[in-house]
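Colleague: Hi, could you walk me through this one? I have a few quick questions.
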Amino acid sequence: MQFRGRVWKFGDDIDTDVIIPARHLLTFDAKELAEHVMEDIDPEFPQKVQEGDIIVGGKNFGCGSSREHAPLAIRGAGVSLVMAESYARIFYRNSINIGLPLVECPEAVADAETGDILEVDTTEGFVVNTRTGQTYTAKPHAPYVQEIVNAGGLIEAVTERVRQREAESGATS
Amino acid sequence: MGLTMAQKILAKGAGRESVTPGEIVEVAVDLVMTNDVTAPLSIAEFKKTGLKSVFDPKKVVFVPDHFVPAKDIKAAGMAKIMREFAHEQGTLYFEIGRAGIEHVVLPENGLTRPGDIIIGADSHTCTYGAFNAFSTGMGSTDIAAAMALGTTWVRVPDTIKFVYTGTLPPDIGGKDLILHTIGKIGVDGALNSVMEFTGPVIDALPMDDRIAMCNMAIEAGGDTGIFPFDDITKGFLDQVTDGNYTPFASDPDATYSRIVEIDVTNLKPVVALPHLPSNVHDADSVGTDPIDQVVIGSCTNGRLSDLRAAAEVMRGHQVHPMVRCIVIPGSQKVAREAAKEGLDEIFMDAGAVFSTSTCGPCLGGYMGVLAKGERCVSTTNRNFRGRMGHRESDVILTGPRVAAASAILGHVGTPAMVESKAPVA
């Protein structure tokens, strides 16, 4: 898939408590969560962020809690994708599972600044920074992870498997 | 080529002889857990699969513990979704008043067994590595998929071996060891890895301290922490299980991505200052700026030995007049045992609150939320910005002894600093 969006740059170790503080975890509605996304690191962020924007973080993005509310809040705010140097494991899984695209590209992260426009192709695996004209190669998804992405998310993949299993048991019984 | 204990458990779960770090495998799960924050989304996602029932109700467990006893109507609604689904499906369920914090309750009930693969929609699910299980945190959708299929996918992690040597000073506990370790390797020092805890110090370490160490493996980015099975593990499990489990040991020629040796002989009690668990300093070196609150409890340090350690420091003293001190037993069982020993009286005599079990304050949920500018010394596991309340509040992590001492002193301090003060009896 191809994306083009404006960058919001954050630092290393952006944790799930600043992405969506626990006081807002009484819902899993993405739009409601989006009203508070990143507010503990930048209180104006929920007002400033626009549809199609790109969040760029450093190392260990999404560390901390298992709360899927974190990628849900980011997606709910209209953010098209997150690019980082590396991701915390649970956040990575959660994002893939709910269909929030993630791109791992340390070189592009190092050069990106807030306000830059990035063009990202997650299928081909490259990032272009339109300000510098530089093109970067992004790390591809593992094939198993790509299957989840292609299915549209984990539950879609599981539902398809359940359907197949039932069709097979129906055929043999 | 030899395997680590974590690799062996994953290989068993995948029905294979061995697994290799980096590969993705599908494994059968022995226990799937969620709580009142994460379960409602898991249940909604599970229902999308069209399945009428979970793969095995005896292997699915729900624990309301984060916002309960319900702090408001929304929290009550979340807990209700979980309770109704649990009863409808006939899964394991632990109601408040009969249970407590998930990572305290599950071990108490013999549900965390050696060799098991346990996943939970709570990042501190890594706690159960203390019992030689492979246990790890995931999100709600992963848990929904596991409730449907009875399996999950895992990228086989590397293993980092931590070897603790030397003589453990008497006032150093598991929390000091893990904070020191995270301080050394950083909050992403074990990213995509298992932290295997070994060495002569570990061989003698009591169960509650092992639990506190595994609990915080996630704070170093680890998939999980894991301990070898030994007589101490067996002693705990003999009280709560039928002994029907299979422990796994690492092969002598197992491959580790890294070996980290830590001599504990000269360690001092430590604290992690805001806003990262890796910002570790000696507790007697951080000055005397006033604090506003102390929390003793949580899935990290809410067990009986933690409360005993805190009570020992607090006995005969008063909580500083400018400090709120909240003591939270990790479970109903811990509360009962603490009361039997009179620990509750020591805390209340000192002017502390002795509460029912809840995760509330740890995540700024309720019952101990910090105002702008407030500082809290806490035995919980995370001190990220805004974790316990206002974004301009501070959480300082430590073990139960330093927390109790700080409550009395009104600033970060050690039991030795309290002893130099005359008791207020």
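Colleague: What does the accessible surface of chain A come to, and what share belongs to carbon and sulfur atoms?
Modeller: About 7,200 Å², with 49% from carbon and sulfur atoms; the areas come from the Shrake-Rupley method with a 1.4 Å probe, and for residues only the protein chains shown count as cover. This is a predicted model, where local features need pLDDT of at least 70, side-chain atom pairs need 80 or more, and totals for chains, interfaces and linings use all residues. Residues are numbered from 1 along each chain as written, chains are lettered from A and ligands numbered from 1 in written order, and side-chain values use heavy atoms, without hydrogens and water.
Colleague: Thanks! How much of chain A is buried?
Modeller: Buried residues are 58% of its 173; buried means under 20% relative accessible area, exposed over 50%, partly exposed in between (1.4 Å probe, protein chains only).
Colleague: Switching to rings: how many aromatic pairs are there?
Modeller: There are 15 over all chains. Rings of Phe, Tyr and Trp (its six-membered ring) pair if their centres lie within 6.5 Å; planes under 30 degrees apart are stacked, over 60 edge-to-face, the rest tilted. One of them, B:F197 with B:F227, is tilted, at 5.2 Å centre to centre and 40 degrees between the planes.
Colleague: Are those two buried or exposed?
Modeller: B:F197 is buried at 0% relative accessibility, and B:F227 is buried at 0% too.
Colleague: And which residues form the aromatic cluster in chain A?
Modeller: That cluster is A:F61, A:Y87, A:F91 and A:Y92.
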